[in-house]
Structures are given as C-alpha cells and as structure tokens.
Protein chains: 2
Amino acid sequence: MIREITSTTNPTIKNLRSLITSKKARQESGQFIVEGWRGIKTLLDHESPLYQLEQLVISKDWKNGALPDSIDTIAVPSHVFEKISDVRNAQGILGVVSKKKDAPEFPTIGKFLLLDNLRDPGNLGTLIRSAIGSGFDGILLYGDCVEPENPKVIRSTMGTFAFSNIWNISKEALFQWLEKGFELCVTTGLGGENLYEAEFSDKTILVIGSEAHGVSDELFKRAAKKITIPLQPECESLNAAIAGSICMFQITNKARA
Amino acid sequence: MIREITSTTNPTIKNLRSLITSKKARQESGQFIVEGWRGIKTLLDHESPLYQLEQLVISKDWKNGALPDSIDTIAVPSHVFEKISDVRNAQGILGVVSKKKDAPEFPTIGKFLLLDNLRDPGNLGTLIRSAIGSGFDGILLYGDCVEPENPKVIRSTMGTFAFSNIWNISKEALFQWLEKGFELCVTTGLGGENLYEAEFSDKTILVIGSEAHGVSDELFKRAAKKITIPLQPECESLNAAIAGSICMFQITNKARA
C-alpha cells in the first residue's frame, strides 16, 4: 500500500529526518534509516539476522526497482525526499529498519572481530564489509564505539550490514567467553608474532584498537596472542580498517588452505 | 628566522589559504600545504624523494616541537592560523611544501601500485600509507585520479607521503613499461587466480580500479595476470583501499617468505 505525504512539516517526515540526524531518536525508537537501493534490495532479498525492514519511503519519481506490496510505503515529492535524505544525489529510496527483538546468541565457536573503542563511522562500516567478505562470524563492540546504525556506518558497509552479527560486549561478558576457550588476539605495532606465520584457533577473538589510542591495557594484558603486521620502518602504523581487514582475510584464508 | 604576520588580509595569508582550497593554486605554484606536526617532523627528519619543505607557519602559541632556524618561518595569531587551516582543533603548525624539480625516474624493477581513475582522497591517502608500510616501491596514477597533494590525501597518509614515489603515467608510457618486462596484474571480483595462491614477478604493476567503475577495459585487456581476493557471496566487493592493501601486503610477504 502506498500512502502519499506532501508536506515537509508532517510529523512522519520530521520523525524520519530525526532517525538520520539523532542518535537519541534511533536509540529511543530502536529504528534507523537505510538509504539507497543496494541496502534496501539486500534487506528485501535476504533474511537479516539482526534487522527488519519496516517501511519504505520513495521519491515520486522513483522508477528503479519493483517494490513489494506487502511493505508499508510512503511516496513523497522530491523536495520532501531531499529534506529527509542525508545523501547528495539521493537515489530516491530509503527504508525504516528496526532491530529484531531476539538478537542471535553469541556462538560457542567461530572467528570474531572485537573493536576496542573504535570511533570512526567509515572505519566501522568498512570493517563490517570486510568481516562479511572474509567470512568472519561477527563483530563485538567494546567500550565506546560508534553505533552501527549511524547512517555513515550503514553507507560504508555497501549493503553488507544486512548480513552482520554485531553485539555490544562488556568486559565481564568478554572475560567469560575467554574462560570458555576463546583466544584473545591483539594486534600490536612491534614485537608480536608475524601475522603471516601465525596459526589461529577456531575460537578466535581478534582485537583492533581505537584510531587514537590503540588496544586498551586491560585487553592487552588478557591477550593469549599478540600479532604484528610486518611494516617498513617509514610507516608507524596502518589505518584501523586496513589492519583489521588484512588480519581477517589472512586468518580465514589460512584456515581454508 | 621568524617573521610575524597579524592580519588575515595580508596577501601571504590569502595565498596560504588558497594552497589548501584550490587545486589550481597548487598546480600553478607547484606548492601545497602539510598540516600538523607528524607530517612536518617527517619532512624535517628525512630526505623525501619528491618533496621539499619551503616554509613553516606557526600559531603564536605553538610550543610542541623545536623548529630549525634554517627554515623561513611565519608566526601568526591563533585566529589567523585558524583562517588558513583546514583542520578542526589544529595543532598550530603547517608547512609549505614544493615538489622537487628532478622527480626520480621510474625504476626498472620493483613492485608498483597503479590506481586507475581513483577519485576518493581518503582512499588514495590510505593506499599511500599501506604502500609505504608494505614495502611497495611506488604508485602510478592512471587516468583522472585525485591529486596526491590534496589536503585530505596528505592527512590520510599520516606522514608517509614524505616517503612516497608517485608518478602520473599515460597509457603509452605504461605500455612501454610492460614491453620492458613489467607484469600487469589486475584485481577482479570473479574468476581470477586466488590471491593467496598466486606467485608474483619482481616486476609487478598491481592495478586497483576506480571506486565506481572498477578496472578500465583497456587495462583489463592488457593484463598478464588476473587475481581475485576470495569473498563470501554476501559481499560483492571490497573498498578500493582495503583491496589494494590486502594485495600489497600479501605480495610483499609472499616475496619475503
């Protein structure tokens, strides 16, 4: 069913805009916005472990893809769509997405990426994309990370957010998982085992530190394994998304070899 | 020698600002701006193959690092510094840098990254950082790439721009290098040789395609080698900087093993 809304002052339109601009609005409603056909199509075609597509909003001149009748759809004039949208040259489609109430439980085996106070939305989105691409089983957010429903995060995932398993994890919960046999593996600039020579457990939690401060002391102390990406002396460190992606692909391809 | 300038309307200040905001000003002068202590210190401590530090500009409250007397230095009040600067919470130091007249010649052996119409400044800066970190010998810019002296590119390199060898390369020049024995190696989403199983020549030119269109047809046709990073079906492709970095580190670490 398609409803039409033509006024930018309509409360529904204001609410949609707030889901893009306000973290508080996202947290209170449990909803967020996905912009663009790639992300919407992924949610239409696949069952997402975490997310549910609730509503579509299209600009009246949207013609690029067939939409199912079963989803509540709002059509708006293009100037109203631009008022909601966060994207330059928007494609004219966005979706309201909610988190499912029954989040999947943390598995007892697998390879997980733990992000330690990661703050940059582009880095988180890119790491979600690389985690899905490499075959990592999920992402753990530790400390004060950027929220995964931030619109810049969602955009940087290029549609792969729909497949992601993401959990917030406390220090206590993490330490419980370590007691159950997960191996905590931190990346360090100097003195760790060479990434390309290391062997990894099938219960691995790979830690990538924050952009500004690296891996926090409490995690570094608890690490069963420290690994280093070999770097030329002219380069002190790598970008967090690059380091995490190189490690994830090396770990999963080593396991397959 | 330190000179003082106190007015934002001084032509020197306007010229500095234009080197940040205007590609045309950078191209006409052959100069660009490096902001922040990390980049400046790298240029002070090391001989750069491409770049020469010409002048420093400091905010009057700059106290964080000793500066050599030999470099022409301008001190300005902090409100004038903010007028020039492109950075939020600027550190109060920037440098005017010129390209050296005698750019190094393209070597006859080595591993090079060729960027095919790469447009995103963050991607180029990150790839420069990863190229330096992995031990790649240089970067070739092909087609309409973002300029390496763009302030966002320089910032994303985290100081490593000072060590980089970057050349613009035409189709004709590239094809000449291929005739001299360089192997053109393109990355492709499907059907190439598995990156983790491939062997690479010590005369390799690795191609990363543009964010929007991938590798251009003319390069794809001339490729001696096509490689694929193995991806799970849920993920169509990787970010260009991630794909390039994974390949460069795999290639250089395979060569060392």
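# A walk through a predicted two-chain model

Start with a single pair: E35(A) stands opposite L94(A) in β5(A). Keep in mind throughout that this is a predicted model.

**Stop 1: β2 and its partner**

Now widen the selection to the strands themselves. β2(A) is joined by five bridges to strand β5 (residues 93-99) of chain A, and the two run antiparallel. Is β2(A) mostly covered or mostly open? Colour by burial and you'll get the answer: four of the five residues of β2(A) are buried, leaving the strand mostly covered. If you switch on the backbone hydrogen bonds, remember that strands of a sheet pair through these, either parallel or antiparallel.

**Stop 2: the whole of chain A**

Zoom out and show chain A as a cartoon. You should find nine helices and twelve strands. Along its principal axes, the C-alpha trace of chain A spans about 60 × 40 × 35 Å. For 257 residues, a compact globule would have a radius of gyration near 18 Å; chain A comes in at 20 Å, so the two agree. Buried residues account for 43% of the 257 residues in chain A. If you like contact maps, here's a figure to go with one: of the contacts in chain A between residues at least 6 apart in sequence, 78% join residues at least 24 apart.

**Stop 3: two domains**

Next, colour chain A by domain. The domain assignment gives domain 1 as 2-99 and domain 2 as 110-256. Put a pseudo-atom at the C-alpha centre of each domain of chain A and the separation is 31 Å. How many residues of domain 1 of chain A are in contact with domain 2 of chain A? Select them and you'll have 17, facing twelve residues of domain 2. On the domain 1 side, the elements giving two or more residues are α2 (23-29), β2 (31-35) and α3 (37-45) of chain A. So β2(A), from the opening stop, turns up here again. By class, that side of domain 1 has eight nonpolar, four polar and five charged residues.

**Stop 4: β6 of chain A**

Move into domain 2 and select residues 110-116 of chain A, which make up β6. Six of these seven residues are buried, so the strand is largely enclosed by the rest of the structure. Look to its partners next. Six bridges link β6(A) to strand β11 (residues 203-208) of chain A, running parallel. Five bridges link β6(A) to strand β7 (residues 138-142) of chain A, again in the parallel sense. F112(A) is a good residue to centre on: opposite it in β11(A) stands I205(A), and opposite it in β7(A) stands G138(A). While side chains are on display, recall that in a regular strand they alternate between the two faces of the sheet.

**Stop 5: the loop after β7**

Follow β7 of chain A onward into the loop that leads to α6 (151-156), and pick G143(A) there. What does G143(A) touch, beyond its neighbours within four places in sequence? Its contacts are D116(A), N117(A) and S216(A). G143(A) is partly exposed, having 18 other C-beta atoms within 10 Å; a buried residue would need 20 or more. For a distance label, try A198(A): it is 55 residues away along the chain, and the two C-alpha atoms are separated by 27 Å.

**Stop 6: the sheet, seen in chain B**

Hop over to chain B and hide everything but strands. An open sheet of seven strands appears in the order β8-β7-β6-β11-β9-β12-β10, with parallel pairing. Its edge strands are β8 (166-169) and β10 (193-194) of chain B, each pairing on one side only. Within this sheet, β6 (residues 110-116) and β7 (residues 138-142) of chain B pair in the parallel sense over five bridges. Label L114(B) and you'll see L140(B) of β7(B) standing opposite.

**Stop 7: where the chains meet**

Finally, show both chains. A rotation of 180 degrees, with 0.0 Å of shift along its axis, superposes chain A on chain B with an RMSD of 0.0 Å. That is the relation of a two-fold axis. The same surface serves both copies, since 100% of the contact residues of chain A recur in chain B.

Select the contact itself: 24 residues from chain A and 24 residues from chain B. In chain A, α5 (121-134) and α9 (240-256) each supply at least two residues of this side. Which element has the largest share? Highlight α9(A), which contributes six residues. Coloured by class, the chain A side divides into 13 nonpolar, nine polar and two charged residues.

Notes: Residues numbered from 1 in each chain as written. Chains lettered and ligands numbered in written order. Predicted model: local features only at pLDDT ≥ 70, side-chain atom pairs only at ≥ 80, totals over all residues. Domains from an automatic or database assignment. Contact = placed C-beta atoms within 7 Å. Nonpolar A, V, L, I, M, F, W, Y, C, P; charged D, E, K, R; others polar. Rg over C-alpha atoms; globule rule 2.2 N^0.38 Å. Buried ≥ 20, exposed ≤ 12 C-beta atoms within 10 Å, placed from the backbone. Least-squares fit on C-alpha atoms with pLDDT ≥ 70 in both. Pairing = 2+ DSSP bridges.
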